[in-house]
Structure formats: C-alpha cells, structure tokens
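Got your viewer open? Here is a short tour, with something to select at each stop.

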Amino acid sequence: MLAQNSSIVTEFVLAGLTDRPELQLPLFYLFLMIYIVTVVGNFGLVTLIGLNPHLHTPMYYFLFNLSFIDLCYSSVFSPKMLMNFVSEKNTISYVGCMTQLFLFLFFVISECYMLTSMAYDRYVAICNPLLYKVTMSPQVCSVISIAAYGMGFAGASAHTGCMLRLTFCNANVINHYLCDILPLLQLSCTSTYVNEVVVLIVVGINITVPSFTILISYVFILANILNIKSTQGRSKAFSTCSSHIMAISLFFGSAAFMYLKYSSGSMEQGKISSVFYTNVGPMLNPLIYSLRNKDVKVALKKSLIKFQRKDRF
C-alpha cells in the first residue's frame with residue numbers, strides 16, 4: 001500500500017487561515033481583492049517595463065524580474081487559499097502539495113536574491129556612477145538574475161527533496177493555508193532531524209548572504225550620500241533608494257516576524273503574520289515602485305496616451 005514516495009498519505013487537508021464560519025466570506029472577498037490588485041499591479045509593471053525602451057536599464061530590469069516573481073509567487077497559493085474560504089474541505093494531493101512547496105520556496109528565495117541584486121545595483125549607481133554602464137552591463141545583469149533564480153532552485157530542491165523522504169501516516173491536516181516546511185514537518189511520523197538541519201543551513205545561507213550584502217551596500221551608499229555637498233544631490237540619491245528600502249523592510253521584516261512566531265510555538269499567530277509575508281508584500285511592491293517612482297509614472301502616462309490615440313483611430 002506504500003506509494004513510491006514512501007508516504008501512506010495520498011492527500012492533505014489545508015486547515016486555512018481560520019475555522020470561524022462567520023469570517024469565511026468576508027476573508028474571501030478581502031483576499032480576492034488583494035490577489036486581483038497583486039496580479040494587476042505586477043502584470044502591469046512587467047508590461048510597462050517591457051513596452052517602454054527608456055525603462056530598459058539595470059534598475060528596471062531587476063524590477064521587471066521582481067514583479068514577475070511576485071506575480072508567480074502569489075499565484076502558487078492564492079487560488080487554493082481562496083478556495084478554502086468557500087469550500088467545506090480544501091484538499092490537496094501529495095504531489096500537488098510537494099509541487100506547491102517547491103514553487104513557493106523557489107520564488108521566495110529568488111525574490112530574496114533579486115532584492116539583493118537591486119541593492120548592489122543601487123550601490124554601483126550611487127558609489128561608482130562613472131563605471132555604472134560597464135559594471136552593470138546587460139550580460140552582468142543577466143548573470144546576476146540567473147544566479148538569483150539558481151539559488152532559488154537550489155534551496156527549493158534541497159527542502160523539497162528532504163520533505164519527499166519523510167513518511168506521513170494518519171495525520172494529514174496541514175495547519176496552514178499553504179504547504180510550508182514547518183507545518184508539514186509537524187505531520188511526519190518519521191524523524192525530521194535531517195530536514196531540521198537542512199532548514200538551519202539553507203535558511204541560514206539565504207538570510208545571512210542577502211542580509212550581509214544589502215547591509216554592506218547601504219552602508220557604502222549612506223556614506224557616499226553624506227559626502228554629497230548639494231542638498232538636491234542628496235535628495236535625489238535618497239529618493240532612488242527609498243522604494244527599495246521599503247520593499248526590503250516589508251519582505252525581510254514580515255518574514256522574520258513570521259518565523260519568530262513559528263519558533264516560539266505559536267502556529268496560529270505565525271499563520272496570521274505570514275499573510276503580510278505572502279499576500280501583502282507582493283501586492284504592495286508594485287504600488288511602492290510605481291507611486292514613488294517618477295520614471296514609472298511618466299512611462300504610464302505615455303502608454304495611456306498611446307492607447308487613447310489608438311482608440312480614436
């Protein structure tokens with residue numbers, strides 16, 4: 001009766017965000033709106049950058065990738081999450097769960113390194129402006145983005161590979177709205193020691209390397225900005241970094257808060273706090289970069305004027 005993956009369980013049940021019946025419908029509409037804004041915002045930003053040649057610069061190349069990741073990332077779990085609000089029992093197959101886990105981790109880790117790449121881009125732009133075009137050439141940008149996706153693939157493969165070796169017996173209710181590492185480990189009826197070691201190593205690397213790189217980049221950026229004598233120059237330099245700082249704070253801050261709640265043993269609080277990490281972040285990123293970015297606003301106005309002219313003719 002054992003399957004090839006050494007697991008007795010053939011499907012899992014996602015417990016969802018809450019089991020309170022009176023909250024199901026309001027939460028469905030709330031998260032449906034969040035998902036719609038996320039898809040429209042990120043798809044709009046991807047399209048806008050792709051259609052406007054003057055946005056084909058390293059900064060917007062990385063922003064294009066960030067929006068693409070957020071678009072895919074939110075689509076990995078949001079449909080299942082929404083289904084959970086309107087169905088009595090939200091099941092997901094073993095294969096589906098492992099696939100969701102892999103894709104979720106792949107896009108999360110890739111976003112981690114894409115934000116790091118953006119920090120390095122800002123460092124080069126502000127600290128070495130004369131060498132910017134050479135240092136951040138299209139070839140270099142491609143290599144950096146491929147490396148970010150590569151780290152995402154490696155991390156997701158390590159976690160998912162270790163998860164596949166576990167045996168899940170009778171317990172199949174995942175206390176979450178998606179297939180995540182910690183809720184799944186709680187259901188295993190075999191030793192999770194190897195998985196916990198892998199989590200410690202992989203998560204340690206994927207937090208330490210990006211955090212250290214971002215911190216060092218912004219230390220040099222801040223030191224360089226403080227040396228700028230003109231107030232206008234300082235203001236311009238700060239404005240180019242402000243959107244990125246907000247995105248980094250939102251991503252790393254909410255992720256750290258979520259895992260701190262999980263490590264303290266509070267699954268319910270960890271599940272609720274993960275909403276900011278999984279749903280709110282991808283929704284706010286395009287708003288942060290569009291509302292606070294002059295180039296994006298100009299590109300949007302030009303695109304809207306072009307479409308209006310086409311409609312007239």
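A residue counts as buried when its relative accessible area is under 20%. Hold on to that cut-off, then select Tyr60. Is Tyr60 buried or exposed? Its relative accessibility is 4%, so Tyr60 counts as buried. Before you go further, keep in mind that what you're looking at is a predicted model.

**Stop 1: around Tyr60**

Tyr60 sits in helix α2. Which residues does Tyr60 contact, leaving aside its neighbours within four places in sequence? Show Ile49, Leu55, Asn293, Asp295 and Val296, and you have them. Now add Leu45: Tyr60 and Leu45 are 15 residues apart along the chain, and 9.7 Å separates their C-alpha atoms.

**Stop 2: the pair α1 and α2**

Colour residues 21-51 for helix α1 and residues 58-86 for helix α2. Their axes are 9 Å apart, and the two helices pack at an angle of about 160°. Angles over 145 degrees count as roughly antiparallel, and α1 and α2 are therefore roughly antiparallel to each other. The crossing of α1 past α2 is left-handed. Sort the residues of this contact by class and you get 20 nonpolar, 9 polar and 1 charged.

While you're on α2, pick out Phe85, another residue of this helix. Phe85 has 6% relative accessibility, so it counts as buried. What does Phe85 touch, if you don't count residues up to four places away in sequence? Select Leu17, Gln24, Leu27, Phe28 and Phe31 to see its partners. Pro21 is worth adding too: Phe85 and Pro21 are 64 residues apart in sequence, with their C-alpha atoms 8.9 Å apart in space.

Next, click on Ser75, which also lies in α2. Here the relative accessibility is 29%, so Ser75 counts as partly exposed. Try a distance line from Ser75 to Lys271: the C-alpha atoms are 18 Å apart in space, and the two residues are 196 apart in sequence.

**Stop 3: the pair α3 and α5**

Now colour residues 94-127, which make up helix α3, and residues 138-164, which make up helix α5. How far apart are the axes of α3 and α5? The gap is 7 Å, and the packing angle is about 150°. That makes α3 and α5 roughly antiparallel to each other. Look at the handedness as well: the crossing of α3 and α5 is right-handed. In their contact there are 18 nonpolar residues, 8 polar ones and no charged ones.

Zoom in on Thr160, which belongs to α5. With 8% relative accessibility, Thr160 counts as buried. Show Met98, Leu101, Phe102 and Leu105 next; Thr160 touches these residues, not counting those up to four places away in sequence.

**Stop 4: the pair α5 and α7**

Keep α5 coloured and add helix α7, residues 193-226. The axes of α5 and α7 come within 9 Å and cross at roughly 170°. So α5 and α7 are roughly antiparallel to each other. Their crossing is left-handed.

Where do α5 and α7 meet? On the α5 side, select Met151, Gly155, Ala158, His159, Cys162 and Met163. On the α7 side, select Val194, Asn195, Val198, Val199, Val202, Val203, Ile205 and Asn206. By class, this contact has 10 nonpolar, 4 polar and no charged residues.

Move along α7 to Phe220, which is found in this helix. Its relative accessibility is 47%, so Phe220 counts as partly exposed. Phe220 touches Tyr123 and Cys127, leaving out residues up to four places away in sequence. For a sense of scale, draw a line from Phe220 to Val199: they are 21 residues apart in sequence and 31 Å apart in space, C-alpha to C-alpha.

**Last stop: what the record says**

Finish with an annotation to colour by. An unreviewed UniProt entry lists "transmembrane region" for residues 27-48, 60-79, 91-109, 130-151, 197-225 and 237-260. Start with residues 27-48: this stretch is 100% helix and 0% strand, and its end C-alpha atoms are 31 Å apart. Then jump to residues 197-225, which are 100% helix and 0% strand, with the end C-alpha atoms 41 Å apart.

Conventions:
Residues numbered from 1 in each chain as written. Predicted model: local features only at pLDDT ≥ 70, side-chain atom pairs only at ≥ 80, totals over all residues. Heavy atoms only, no water. Axes fitted to C-alpha atoms, helices over the stretch in contact; angles between N-to-C directions. Helix = DSSP H or I, 4+ residues; strand = E, 2+ residues; numbered from the N terminus. Parallel < 35°, antiparallel > 145°, perpendicular 65-115°, else oblique. Left-handed = near helix turned anticlockwise from the far one by under 90°. Contact = heavy atoms within 4.5 Å. Nonpolar A, V, L, I, M, F, W, Y, C, P; charged D, E, K, R; others polar. UniProt positions renumbered as here; feature names shortened; annotations may be inferred. Buried < 20%, exposed > 50% of the residue type's maximum accessible area, 1.4 Å probe, protein only.
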